[in-house]
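Dear colleague,

I am passing on the structure that we spoke of, and I would be glad if you could look through it alongside the notes in this message.

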Amino acid sequence: MTKLEDIEKAIEQLSPEDMAKFRAWFQELSARWWDEQIEQDMKAGRLDWLADEAEAEHRNASLKRLK
């Protein structure tokens with residue numbers, strides 16, 4: 001059995017209370033990974049096009065107001 005299969009089996013055996021705790025922990029972990037990836041992408045300039053696009057729309061007065 002692989003490590004992933006071991007983890008999957010263990011997760012399937014969690015009580016509802018422990019599953020809720022695991023789910024909350026995993027959501028926090030996923031959010032942290034997402035934040036780290038966004039930070040890396042920003043530092044590498046991979047998101048510069050978004051700022052460029054927003055600035056162009058601002059100059060053209062074509063920004064849409066969020067509701």
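What follows is a short account of the salt bridges, the surface patches and the helices that carry them.

Please keep in mind throughout that this is a predicted model.

I begin with the charged pairs, of which there are 2 that qualify as salt bridges. In one of them Glu39 is paired with Lys43, with 3.9 Å between the closest N and O atoms, a value that falls inside the limit because a salt bridge is counted within 4 Å. Both residues belong to helix H2, where they are 4 residues apart and therefore separated by about one helical turn. An α-helix has 3.6 residues a turn, so residues three or four places apart point the same way. As for their surroundings, Glu39 is partly exposed at 38% relative accessibility, whereas Lys43 is exposed at 68%.

The other salt bridge joins the side chains of Asp41 and Arg46, with an N to O distance of 2.8 Å. Here Arg46 is partly exposed, its relative accessibility being 47%, while Asp41, with a value of 14%, counts as buried, since the cut-off for that class is under 20%.

Turning to the surface, Trp25, Phe26 and Trp33 make up a nonpolar patch whose accessible area comes to about 360 Å² together. Of these residues, Trp25 is placed in helix H2, which runs over residues 16-44, and at 46% relative accessibility Trp25 is classed as partly exposed, so that it passes the requirement of over 30% for patch members.

There is also a negative patch on the surface, to which Asp48, Asp52, Glu53, Glu55 and Glu57 contribute. Glu53 sits in helix H3, which covers residues 48-59, and Glu53 has a relative accessible area of 41%, which makes it partly exposed.

Helix H3 itself is 12 residues long, and the distance from its first C-alpha to its last is 17 Å, close to the 16 Å that would be expected at 1.5 Å a residue. Just after H3 comes Ala61, for which the model gives a positive phi of about 55 degrees.

If you go through the coordinates yourself, the residues named above may be a convenient place to begin.

With best wishes

How values were computed: Residues numbered from 1 in each chain as written. Predicted model: local features only at pLDDT ≥ 70, side-chain atom pairs only at ≥ 80, totals over all residues. Heavy atoms only, no water. Patch = residues over 30% accessible without salt bridge, like charges linked within 9 Å, V, L, I, M, F, W, Y side chains within 5 Å. Areas by Shrake-Rupley, 256 points an atom, 1.4 Å probe, with all protein chains shown as cover. Lys, Arg positive; Asp, Glu negative; His and termini not counted. Charge placed at Lys NZ, Arg CZ, Asp CG, Glu CD. Helix = DSSP H or I, 4+ residues; strand = E, 2+ residues; numbered from the N terminus. Buried < 20%, exposed > 50% of the residue type's maximum accessible area, 1.4 Å probe, protein only. Expected span 1.5 Å × (residues − 1).
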